[in-house]
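Please read the following report with the sequence and the structure side by side, and look for the places where aromatic rings meet.

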Amino acid sequence: MNSILPVENPNLSVAWAEAFLALMSPGCTEITPLVVTVTGINGEKIQENAEIRRLLDETLARYETSCLTVANTIFPKSLWNPARARALLYERYIKHAWPRVKKCRANNRGTYFQRLVAFENGANSVNQLEHVISTWQKGNHRHSALQLSIFDPRRDHNDCRQMGFPCLHQVCFTPLGTNGSAGLAVTGFYATQHIFEKAYGNYLGLCRLGHFAAHEMGLRLVRMNCIAASARLGNADKSEIEPMAARLRQLLQKPSPIPRT
């Protein structure tokens, strides 16, 4: 089933639940594309529903993951001290966190944050995140300068039938209003996205990355957009997670959105 679904909600948890329940609809196997927008963001404050997140994390625990685990691949919030120079975040991650992550990951070709701050370029890696922030601080407010690439054709264009990384291909920061007077939006572009296992953490990670960039650019994060060219449920069977879906329907107390064919 090919379909189109736009979801917009102030609450990140509700936005995710609406997308998830759409994929749980009978006969729905894929949404192409899925566009999710979360508007209830004020800097580091993100509107969430604690019961929805707890319900999802309890279910994800059976698959040995969590929303926070996924979010940390995009932005390792625990390593950032907003009162310190941002260079310390980069140093902590590349010198200390990344070597440990690399050893325990089945995919050692990188994490999203690693490619954002140390994109492979021969002997000299590229810190794209620092470039975007410093470019803005120098007065270059050209929107096309605020893009970061994760997909690397030199490494990711290959003949593997299945690759778990990278699903997120690009991140873009968009100042709203004159020179960001109305805030900053962050947008992530996914080729394929698994909504059950990954999407909530993806949304959370993008928000945290956007807040970091906005903080360093002297702006305020107000919106997160996530575009998935192909959104699928994930590796879980629908029957396994139907109890969670049933509870989500009760929490939302409204019919799930039906994708447009």
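In this predicted model, Phe196 is buried, with a relative accessible area of 1%, a value that lies under the 20% cut-off for buried residues. Tyr63, by contrast, is partly exposed, because its relative accessible area is 29%.

These two residues belong to a broader set, for a search of the whole structure finds 10 aromatic pairs. The rings of Tyr63 and Phe196 form an edge-to-face pair, because their planes stand at 80° while their centres are 5.3 Å apart. Since Tyr63 sits in the loop between helix H2 (50–60) and helix H3 (67–74), whereas Phe196 belongs to helix H8 (residues 195–217), the pair ties together parts that are 133 residues apart in sequence.

The rings of Phe75 and Phe113 are also edge-to-face, with the values shown in the table.

| Ring pair | Distance of centres | Angle of planes |
|---|---|---|
| Tyr63 and Phe196 | 5.3 Å | 80° |
| Phe75 and Phe113 | 5.7 Å | 85° |

Phe75 lies in the loop between H3 and helix H4 (87–104) and Phe113 in helix H5 (residues 112–117), so that this pair links distant parts of the chain, 38 residues apart. Both Phe75 and Phe113 are buried, and ring pairs join them with Trp80, Tyr90, Tyr93 and Phe212 into a cluster.

Away from the rings, is Ser25 buried or exposed? Ser25 is buried, with a relative accessible area of 11%, and this residue lies in the loop between helix H1 (12–23) and strand E2 (34–38). The side chain of Ser25 reaches the backbone oxygen of Ala22 at 3.0 Å.

Terms used:
Residues are numbered from 1 along each chain as its sequence is written. This is a predicted model: local features need pLDDT of at least 70, side-chain atom pairs count only at pLDDT 80 or more; totals for chains, interfaces and linings use all residues. Side-chain values use heavy atoms; hydrogens and water are left out. Helices (H or I, at least four residues) and strands (E, at least two) are DSSP runs, numbered from the N terminus. Buried means under 20% relative accessible area, exposed over 50%, partly exposed in between (1.4 Å probe, protein chains only). A polar contact is a pair of N or O atoms within 3.5 Å; within protein, one must be able to donate a hydrogen and the other to accept it, and residues adjacent in sequence count only if both atoms are side-chain atoms. Rings of Phe, Tyr and Trp (its six-membered ring) pair if their centres lie within 6.5 Å; planes under 30 degrees apart count as stacked, over 60 as edge-to-face and the rest as tilted.
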